[in-house]
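The following exercises concern the fold, the surface and the charged pairs of a protein chain. Please work through each task before reading its solution.

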Amino acid sequence: MNKLEQEIIDTIAEEGEIDKSEIKLDSNLYDLGIDSLSSLEILVALEEKYDIRISQNRLKNVNSVREIIRVVSSQLKKKGTEI
């Protein structure tokens, strides 16, 4: 697991009040007990942490940890930030 993946998992654990050991890359957010409001809070925390913006259209398709990582990674690349 790379640094970005670990940081995102840490944020999901903190914002979702979930034990980090329960979160895997392929975990479904709903299965982790994260509802739409919690997922929005997670994404807002990630936007603030990495100084990125994630469009509402992209949020609709985010259902797993891996998808969150993909969206954040994509935004960081657009911004020109080293991952």
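**Exercise 1.** Determine whether Glu-14 is buried or exposed, and state where Glu-14 lies.

*Solution.* In this predicted model, the relative accessible area of Glu-14 is 62%. A residue counts as exposed when this value is over 50%, so Glu-14 is exposed. Glu-14 is part of helix 1. On the surface, Glu-14 belongs to a patch of negative charge together with Glu-15, Glu-17, Asp-35, Glu-41 and Glu-48. Helix 1 (3-16) and helix 2 (36-50) each contribute at least two residues to this negative patch.

**Exercise 2.** Identify the residues that make the nonpolar surface patch, and classify Leu-40 by its accessibility.

*Solution.* The nonpolar patch covers about 240 Å² and consists of Leu-37, Leu-40 and Val-44. Of these residues, Leu-40 is placed in helix 2. The relative accessibility of Leu-40 is 40%. Partly exposed residues fall between the limits of 20% and 50%, and Leu-40 is therefore partly exposed.

**Exercise 3.** Describe the salt bridges of Lys-3, Asp-26 and Arg-53.

*Solution.* Side chains of opposite charge can pair when their charged atoms come close. The chain has 5 salt bridges by the rule applied here, among them the three that follow.

- Lys-3 pairs with Glu-7, with an N to O distance of 3.7 Å. The two residues are 4 residues apart in helix 1, which means a separation of about one helical turn. Lys-3 is exposed, at 63% relative accessible area.
- Asp-26 pairs with Arg-66, and their closest N and O atoms are 2.8 Å apart. Asp-26 lies in the loop between helix 1 and helix 2, and Arg-66 lies in helix 4 (residues 65-79), so this pair ties together parts that are 40 residues apart in sequence. Asp-26 is exposed at 59%, whereas Arg-66 is partly exposed at 33%.
- Arg-53 pairs with Glu-47, and here the closest N and O atoms are 4.0 Å apart. Arg-53 is exposed, with 56% relative accessibility, while Glu-47 is buried, with 13%.

**Exercise 4.** State which elements the chain contains, and explain why the chain is as compact as a globular protein of that length.

*Solution.* The chain contains 4 helices and 0 strands, and from the N terminus the order is α-α-α-α. The radius of gyration is 12 Å, close to the 12 Å that the globule rule gives for 83 residues; the chain is therefore as compact as a globular protein of that length. The C-alpha trace spans about 30 × 25 × 20 Å along its principal axes. Of the 83 residues, 43% are buried.

How values were computed:
Residues numbered from 1 in each chain as written. Predicted model: local features only at pLDDT ≥ 70, side-chain atom pairs only at ≥ 80, totals over all residues. Heavy atoms only, no water. Patch = residues over 30% accessible without salt bridge, like charges linked within 9 Å, V, L, I, M, F, W, Y side chains within 5 Å. Areas by Shrake-Rupley, 256 points an atom, 1.4 Å probe, with all protein chains shown as cover. Salt bridge = Lys/Arg side-chain N within 4 Å of Asp/Glu carboxyl O. Lys, Arg positive; Asp, Glu negative; His and termini not counted. Charge placed at Lys NZ, Arg CZ, Asp CG, Glu CD. Buried < 20%, exposed > 50% of the residue type's maximum accessible area, 1.4 Å probe, protein only. Rg over C-alpha atoms; globule rule 2.2 N^0.38 Å.
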